[in-house]
Amino acid sequence: MAAASRDSISTDGLSVLQDYLAGDRSLTVIDGIPGVDIPNPSVGLQANAAYFDRPESAQGYFESCHRDEAFRDRWLAAGGSWDGKIVVDVGCGPGNVYANLGGSPALLIGVDVSRGSLKMAQTIGYTPLLADAQDLPLRSEFADIVVVNATLHHCDDMVKALQESARLVRPGGRLIIDHDPQLSAWNYKGLAMLVYKIRLRVYQLLLPNLHTQREERLNALQTEIHHRPGDGVTTEMLRDTLNPMGFEVKIYPHNQRVGQEALQGVMGDPPHWRYQLGQRLSGLDPNSPEAALSLLCVAEKQEKGTA
């Protein structure tokens, strides 16, 4: 790998970001990507950076995840067009959300811990910023839309990451969160937990196409910090964090394959039979809201002085 160059500077992107930095923060540009130091990165954060720095991993993710029509319809219904708006995509990866939604935002800032992913996102229109979602160097209340898609469960402290994203939203703006595992849907118990523990052996026997090189798979597993039985996001966590920050919070459980109907309370078809089996063995009805794989959260920041 070539040594990182501090001379390869995206001048326009850097100058734009300077206008939105918190007063005590500064940026360093390495290999064309502005960012801040991340002191004492956790194992999970390092795994996220390492996994998505691999061109094959980032490209595979970009091509296959969050790019379907149902996702696009659901997100456009939740946040509307990005045209003319200031958008911050926290945990943007290689740029999947914008690649799917499109539009002409006035400014599109992509935050991630992976320099490789940010380089890809930059090529499709993102202004990249290397930073930890739990410690964003940006000032408060400037963004029209803040996007947090499939990000919280990759952070050690989900509440802190949620608070950091939320404070960027201007009054009247929106915070949109999606594609984090709902805790209750994955809260396997008893026999279901036993099956979960031997899942890798089952995959070896039945699904050999899911296998990757050992190091890559270990990194991938380490990135999923809160995607495991007994862990994940909850409606209580979202409301308890965002309501005190002045947001009106609406939450829509769904199974990831439903479009704008999610905002009318349609969850979509139950998840794959493997998930249904685990849920039934744990005493959970796969057709219940608690069994929905994800929670779409649409939170609007109330104007000053509104109840």
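**Exercise 1. Asn 40**

Work out whether Asn 40 is buried or exposed in this predicted model, and say what marks its backbone.

*Solution.* Start with the surface: Asn 40 has a relative accessible area of 77%. Exposed means over 50%, so Asn 40 counts as exposed. Next, find its place in the chain: Asn 40 sits in the loop between β2 and α2. Now turn to the backbone. Most residues other than glycine have a negative phi. Asn 40 is not a glycine, yet its phi is positive, at about 50 degrees.

**Exercise 2. Ala 150**

Find the loop that holds Ala 150, and decide whether this residue is buried or exposed.

*Solution.* Begin with phi: Ala 150, again not a glycine, has a positive value of about 55 degrees. Then look at the neighbouring elements: the loop runs between β6 (143–149) and α7 (158–166). Last, check the cover. The relative accessibility of Ala 150 is 9%, and buried means under 20%, so Ala 150 counts as buried.

**Exercise 3. Salt bridges**

How many salt bridges does the structure hold? Take three of them, beginning with Arg 74 and Asp 178, and describe where the partners lie.

*Solution.* The count is eight salt bridges. As background, side chains of opposite charge can pair when their charged atoms come close.

- Step one: Arg 74 and Asp 178 meet through their side chains, with 3.0 Å from N to O. Arg 74 belongs to helix α4 (residues 69–79) and Asp 178 to strand β7 (residues 169–178), so this pair ties together parts 104 residues apart in sequence. Arg 74 is buried, at 0% relative accessible area, and Asp 178 is buried at 0% as well.
- Step two: Asp 31 forms a salt bridge with Lys 119, and their closest N and O atoms are 2.3 Å apart. This pair links distant parts of the chain, 88 residues apart: Asp 31 is in the loop between β1 (28–30) and β2 (33–35), while Lys 119 is in helix α6 (residues 115–123). Asp 31 is partly exposed, with a relative accessible area of 26%, and Lys 119 is partly exposed, with 31%.
- Step three: Arg 54 forms a salt bridge with Glu 56, where the closest N and O atoms are 3.6 Å apart. Arg 54 is partly exposed at 27% relative accessibility, whereas Glu 56 is exposed at 54%.

**Exercise 4. The cavity**

How many cavities of 30 Å³ or more does the structure hold, and what lines the largest cavity?

*Solution.* First, the idea behind the search: rolling a probe the size of a water molecule over the atoms shows where empty space is left. The structure holds one cavity of 30 Å³ or more. The volume of the largest cavity is about 340 Å³. Its lining consists of 26 residues, and those nearest the centre are Asn 48, Gly 91, Asp 112, Thr 151 and His 154. Two or more lining residues come from each of α2 (43–53), α5 (96–101) and β4 (107–112). Helix α2 gives the largest share, three residues. Sorted by type, the lining has 12 nonpolar, 10 polar and four charged residues.

**Exercise 5. A nonpolar patch**

Which residues make the nonpolar surface patch of about 670 Å², and where does Ile 198 lie?

*Solution.* List the members first: Leu 191, Leu 194, Val 195, Ile 198, Trp 273, Leu 277 and Leu 281. Then assign them to elements: α8 (191–197) and α12 (273–281) are the ones that give two or more residues to the patch. Ile 198 is placed in the loop between α8 and α9 (199–206). At 44% relative accessibility, Ile 198 counts as partly exposed.

**Exercise 6. Two C-alpha pairs**

What distance separates the C-alpha atoms of Val 16 and Leu 107, and what distance separates those of Arg 239 and Val 249?

*Solution.* Take Val 16 first. Val 16 lies in helix α1 (residues 11–18) and is partly exposed, at 28% relative accessibility. Although Val 16 and Leu 107 are 91 residues apart along the chain, their C-alpha atoms are separated by 8.7 Å.

Now the second pair. Arg 239 is found in helix α11 (residues 235–242) and is partly exposed, with a relative accessible area of 33%. Arg 239 and Val 249 are 10 residues apart along the chain, and 6.5 Å separates their C-alpha atoms.

Conventions:
Residues numbered from 1 in each chain as written. Predicted model: local features only at pLDDT ≥ 70, side-chain atom pairs only at ≥ 80, totals over all residues. Heavy atoms only, no water. Patch = residues over 30% accessible without salt bridge, like charges linked within 9 Å, V, L, I, M, F, W, Y side chains within 5 Å. Areas by Shrake-Rupley, 256 points an atom, 1.4 Å probe, with all protein chains shown as cover. Salt bridge = Lys/Arg side-chain N within 4 Å of Asp/Glu carboxyl O. Helix = DSSP H or I, 4+ residues; strand = E, 2+ residues; numbered from the N terminus. Buried < 20%, exposed > 50% of the residue type's maximum accessible area, 1.4 Å probe, protein only. 1 Å grid on protein atoms, 1.4 Å probe; cavity = no way out; pocket = protein on both sides within 12 Å on 5 of 7 lines; lining within 4 Å. Points joined across faces, edges and corners; volume = space filled by probe spheres on them. Nonpolar A, V, L, I, M, F, W, Y, C, P; charged D, E, K, R; others polar.
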